[in-house]
Structures are given as structure tokens and as C-alpha cells.
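Visitor: I should like a close look at a single part of this model, namely its nonpolar interior. Please begin there and then connect that part to the rest of the chain.

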Amino acid sequence: MAEAAYTVASDSETSREEKSSCTFPETTIGIDIGTSQCRVAIWNGSQVEILKNSRNQKMMSSYVTFKDGTPSGELSNQLSADHDMLSGAAIFNMKRLIGRVDTDPVVHSSKSLPFLVQTLDIGVRPFIAALVGNFWRSTTPEEVLAIFLVELREMAEIQLKRPIKNVVLTLPVSFSRFQLTRIERACAMAGLHILKLMPEPTAVALLYTLYAKQSGFQSTDRNVLIFNMGAGYCDVAVSVTAEEAPRGISEIIALTGSAIGGEDLLQNMMRHLLPNAENLLTSHGVDEIKSKGLLRVATQNAIHSLSSQNSVQIDVDLGNGMKICKVVDREEFEEVNRAVFDECASLIIQCLHDAKVKPEDLNDVVLVGGCSYIPKIKNLVMNVCKKEELYEGMNPLEAAVSGAALQGYVASGVHDPFESVDVLSIQVTPLSVGIRADGNNFVPIIPRNTTIPAQREMLFTTSHDNQAEALVIVYEGDGEKLEENHLLGYFKIEGLPPAPKGVPQVRVMMDIDASNVLRVLAAVLMPGSHVPINPVLDVRMPTVDDGHGWCAEALHRAYGATQDLVSVKRI
Amino acid sequence: MPSYGLTIPGADSRLYVTTISTARPAPDPKPSSLPVFSSRATRFGSIKAKAATVNDAAAAEEERKELSFYELLGIPESGSITEIKQAYKQLARKYHPDVSPPGRVEEYTEKFIRVQEAYETLSDSRRRAMYDQDMARGLHLAFSARRYQYDEGMEGKGDWKNRWQSQLSELKRRSSYKDDRQNMSWGARMRRQREGLSDEV
């Protein structure tokens, strides 16, 4: 039996297949790791319970302070977060940095943070460090996140009085599969076991479905748009909520997302308040760190104030003779951030378009996330969706974590005798996956917004006569250009028999299973044969590691176009 | 650019090949379009069984067991788009792996994907028309279901689709007078499938 498929395993620590094959009747917590704030919740059988830290707070700042070489996550209040931020010892915004290489614009915009983010712009992981005493102590977003998750786990264990292992995490729509592996790694480091990773707005959609079910479905299908904007990311989902008695269904139709959020509003505003801020923002002397920490806190407070009042007085001494004394009104804030707001609107338009749903067909519009309090955001969501009012039934800051807790309860297989929470979330792929072909182009094989599990196959052929090898380079994303997409991995098909170009059939199949694991299979057939010439390659993606940014370039330098593939139907 | 291997299925059940171009050698007319990956079964190595099936009768038997998209969704061929949608929704919810009984995730996943294919084909009027045409000639089983997904994500990317479609209908026109029998042989169907592939090359 020569045709046995072989598997090239990726470097992910834990096999999600193993995870899904066994059921855990244990408690599963939901975690919403926000860019700036974080929440943990469980479903207690009848409702969501948001867990509190030792200071009786439901909302924890997502940051870790490094002291004397021993980092500790601080599930603390905003005041001490502000203080640690001024010293350069605290690392935060992990969610913006995780799984990104140093050519990524999001990493570049993080250089103005009080801790150190250095880039070499060659496609490796950025250098990130916290100031401890007089030393820059290097770390990674995974490490910081793991430390933070350990704190969260301990907090949950103390409160629930039992060991906690299983989690459902909510994540941004725009996260690549490579970024998901970094999240998995952080969870593994923290001793947590991921039952499911959910795009944030889909967790909100699931919660909406439960509420609709509990209040009795008014119509068979309800179209609902979820807009979720936090400090780091903005996500949109269109979901159809329906009842298939006794089960409530949330069927995701379309997802869009982008790495824009409150952090961008904050940075734009800081630059606006201090026109020559660039020097200050990019230097990391002790005084500069303090100055920009002060600027950051003052700006953040001003933005918060502008959500409830029309203008705000900013009065802050940044030291070194720099003072800001200025009145800022809402209009000014909106003008400074026009590009961000425009992008928010275009994400909604895109999502409605992808879902083939007109604004008039929307039954409800749900606005959640930290930025949902900003009047401009509220207005633009209502405008684009042509709604006079928004759905009022949920807490904007707790919706995502509640959905995660609910999914955790459902996924952990706890038997629910009354079927009160019998809900199902049908998910789609947030990004297209495909390969490089037809020259330097991205050819999607599973397009975005395909319902998962999914399986698609496409036919390719060689680009040169007597081509003996072909490179299958797998990308994820929706960028027009190949470079705009995320490289997930690559492998080579060897031993192509001599033949004119265009003759060998290279079949590439992509498979996303119930646990969202992506596998890429490649087989070569010569015309007239139905037996692949070599064993079929079966590769679990992603296979790349942290240095992957330069892989694509290095591959190109080494091989040029000699091992290219051409998609068959496009010619 | 169709440059080789366009095969015209004949009434004869033995293999009959026409190449419309002599630029390339005529391919070996043996069928090459058996599902290489044979759905999710790959994981369990049953690709071996399928790929190695050289026994025409056995393969044909296997093909016949496959339900048409209409049968799969449990609706009549005259079913309206509303019925298709309704049926799909019910089945997708029934076979979603998240609600599968313990130990049957694989089976449910496979069913879910099949239902998805059926829905995506039948809910798109253009693709449904193509599928109906093929079904009328008994070709729908020979064509891999994925055949109808090839345009996915390609909308607005040039007119290849129109060209491809007109090529296809031309081929069908040319072949229809020969294969208007309801039950084509497996060999003929395989050639028909090959034709589908080669006209894309």
C-alpha cells in the first residue's frame, strides 16, 4: 500500500485533535484578553458570572510588571497600572504585538510605548524589553501573556475553589493562524487547555442568540450585525440567529476585522496634543519614558471625558519644560481620528456586502467593546446600518467574555437537563487561505467567510517544461498583493516526471476540520493516471516559526520562479 | 487555453479520445479524475482503497451510491430556493460537528461538508443550472462536487468564467447527441470528467 499519506506536523505544542477527542466535564472558563482590559467569566448553569480579582474588580488591566527579574502579572486597578507604565517596567498591549514580525506596521506603531520595542525591519520577531532598574530585560509577547494568564487562572481557582484547566478564548477576527499558535503557546505555558478559540464578535452573537431564545423567538430568522471595537482591534460580524427547537443557532455569515482600535485614537491624539512628539515618543531614556507615560495617561483620560462631555481641559506637566495646557472639544478629536472612523465604517460596509445583507434587513445592531462609548462610533454604526437605535440588551464590556463562558459551558459537554442553554455557533473562516501561484500572486483555495468545517480543492500545473519540483507556499489573508498576506508555511513537491509545462496535474486540497485545524494536501497526477505519482503530502499548517518574515524573501532568492505553480482554471 | 486532451464521450463505452490540438501528445485516455483525496477519509488512509481502485465496476458501484445534491438535501429537483435554504439549514444544524454524539465528529464533519457543497451549488442559480444540465445527462456524479466550487472567490476576476462556461456548453452541445442515454458507462463518465479538467488547462 504505497499511497499512505504522511503528515508533517507543525511545531504547535499541543494537538488540538487530542483536545477535541476527549470531553471534559470540568468547569470551563471564558477569557476575553483585551488589549488593555481583561475579563474572566463562567456560565453557572443559568447565567454568566464575571469573576472578580482580590480587589473585587471585574475588569483587570492587561499588563505585566517586571521587577528584579521576576515578572508578575498584576490584576490591579488603573492607578497602579498608570504608575507602572511611567517607569517602563510594565509590558502591555501584548495582544497587538503577539505573533507579529518587525516589518508589521502595528509593531512599528508600538515603538512609542513606554517599554522598549525595537525593529530591524527584516522580518524577525521584534525586540521587546522592560526596564528593570538600569537594565532592559527582554521578553516576548507570549511570555508576558502566559504570566498574565497564570494570574487569571489562579484568581479563578481561588474564587471557584477548584482547579481550572479548560478555557474558551475570544480573539480578534484579523488574527492569522500563526498568531493563534502563539496564543496556544502562551496558554500551554500557563497550563491552560484551549477548548475553543472564538472570534470576538461571534461570542457576542452566541450570547445574542441565547437571549433571543430565552425571550422567545419573534421571527424565524433574525439578521444581526455585531460591531466590536476595543483598544487594539475592530471587528464586525453578520450573524443569522434562528431557532431549531430546542436549539438556538447563531450562524455566522460574514466576518471582517482590522487592527485598529482605541490605541490608534490615543496615539493620534498624543501626536496632536504634542506636535513635536515624535522625538519624545521614540526615545527610551528614563525621563522620556516618564514624560510619555504622563502624556499617555492624560490623553487617555481626556478621550474618556469626551465620551460624556463636549470638551475637556488638558493640563499636564510632562517635565523637561514640556507642558500641555489646552482645551480639546469632541469635534477636534473626531477630526484628528477621521481615518480611523472611516475605516470602522468601511469594515461594516464590507461585512454587509460579504454577507449579502442590506442594512434594511438587519433586525438588530449590537455595539460592544471599550470604544462603544465614543459618540462618534455610535453615530457611524447607526448611520451605516440605517438604524435609529441599537440593541440595548447587553453590557458592552462583558458581552464577549459572557459569550466565551457560554461556549465553554456548551463545549465542555456538561449535560443540561432543561436545555436552557442549548445553543450552537456555526463559524466561518475569517481570512482566505490559499497558495502562491501564477507568478507572485495569492490564489485563495478556501475563501474567507466559508463555513467551517470546510474542504476545497484546486487544480494547478507546472510553469516550466520538465519542472521536477514545485513549491507549495501557503498564505492566509485577503490582501491584493502576496506580501500583504500571512505566510503560514511551505513545502516542496518532489519527483515530478519530465513533461511539458501545463501537463502534470498538481492537486492541492485544503481542509479545515471541526477543531479549526488547517491541513494542506498535495498530490501529483500525470494525465491518464488516477494514482498519484508519489505519496500524497499532508501538511498541517502553520509550519513557520518566529523568523518567518524573511522566509518568503529567502525562498524567492534561492529558487526564483523555477518551482512555480500555475492555477489551471485561470489561464 | 485548451491545448490537449479534450475528450468527447462517445456512445461506445470503451475509451475514445479526441484531441483538438496536436501541440501536445494525446494523454493516456485512462480516467484520472477519481477523487484523489477522497474527502476526509484520507486521515484514515482509505485513500489507498480509493486511489487504487482500478476495478471499473467497483468504482462505478461506489459512485452510484453517492446521492445527488437534491437527494442529499431531501428536496425535489423542482425545489424552490426557500426549500433549498430551509433544508440546508436543518441539515447543517443537524450535522454540525459541535453537536455530534461522542466519537462521531469525523462522520458528522464529512456529512456537514457534503451538505455545504450541495447548498453552495444549488443556492447559486448559475451553478444550479449547470448542475441540473449535468444531472439531466447523468453526469452529475462523474463531476466531482467540487467542480462547482471552482469559481468561488473568483468573481470579478476577469472573464475566464464566461469563457470557461461557453467552452463547457459548447462541449456539451457537441457531446449531447452522443450521450443522451440516461445511464452512461463509468468509462464514459470518467472521460466526461476528464474533459472538464482538460478544458481548463
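Guide: In this predicted model, the largest nonpolar core comprises 52 residues, and those that touch the most other members are Ile29(A), Ile31(A), Leu149(A), Leu169(A) and Ile183(A). The element that gives the most to this core is helix α5 of chain A, spanning residues 141-160, with 10 residues.

Ile31(A) may serve as a viewpoint into this region. Leaving aside residues up to four places away in sequence, Ile31(A) touches Leu149(A), Leu152(A), Leu192(A), Val401(A) and Ala404(A), among others. The run Val167(A), Val168(A), Leu169(A) and Thr170(A) is also among the residues it touches, as are Cys38(A), Arg39(A) and Val40(A). Two of these partners, Leu149(A) and Leu169(A), are named with Ile31(A) among the residues that touch the most other core members.

A second core, separate from the one just described, has 51 residues, including Ala302(A), Phe333(A), Leu347(A) and Val381(A).

These cores belong to a chain of 571 residues, of which 61% count as buried. Chain A has 15 helices and 29 strands. Among its contacts with a separation of 6 or more, 67% are accounted for by residues 24 or more positions apart.

The cysteines deserve a separate remark. A disulfide is a covalent bond between the sulfur atoms of two cysteines. The structure holds 0 disulfides over all chains. Cys234(A) is in no disulfide, and the nearest cysteine sulfur, that of Cys344(A), is 4.1 Å away, whereas the cut-off for a disulfide is a sulfur pair within 2.5 Å. Cys234(A) is buried, with a relative accessible area of 0%. Cys385(A) is likewise in no disulfide; its nearest cysteine sulfur belongs to Cys351(A), at 9.5 Å. Cys385(A) is buried as well, again with a relative accessible area of 0%.

From the interior one may turn to the exterior. The accessible surface of chain A comes to about 21,400 Å², and carbon and sulfur atoms hold 51% of that area. Leu120(A), Ile122(A) and Trp550(A) make a nonpolar surface patch of about 320 Å². Within this patch, Trp550(A) lies in the loop between β28 (537-541) and α15 (551-559) of chain A. Trp550(A) counts as partly exposed because its relative accessibility is 44%, and that class covers values between the 20% limit for buried and the 50% limit for exposed.

Conventions
Residues are numbered from 1 along each chain as its sequence is written. Chains are lettered from A and ligands numbered from 1 in the order in which they are written. This is a predicted model: local features need pLDDT of at least 70, side-chain atom pairs count only at pLDDT 80 or more; totals for chains, interfaces and linings use all residues. Side-chain values use heavy atoms; hydrogens and water are left out. Helices (H or I, at least four residues) and strands (E, at least two) are DSSP runs, numbered from the N terminus. Buried means under 20% relative accessible area, exposed over 50%, partly exposed in between (1.4 Å probe, protein chains only). Contact means heavy atoms within 4.5 Å. Accessible areas come from the Shrake-Rupley method with a 1.4 Å probe; for residues, only the protein chains shown count as cover. A nonpolar core is a set of buried Ala, Val, Leu, Ile, Met, Phe, Trp, Tyr and Cys residues joined through side-chain atoms within 4.5 Å. Patches are made of residues with over 30% relative accessible area and no salt bridge: like charges are joined within 9 Å, nonpolar side chains (Val, Leu, Ile, Met, Phe, Trp, Tyr) within 5 Å. A salt bridge is a side-chain nitrogen of Lys or Arg within 4 Å of a carboxyl oxygen of Asp or Glu.
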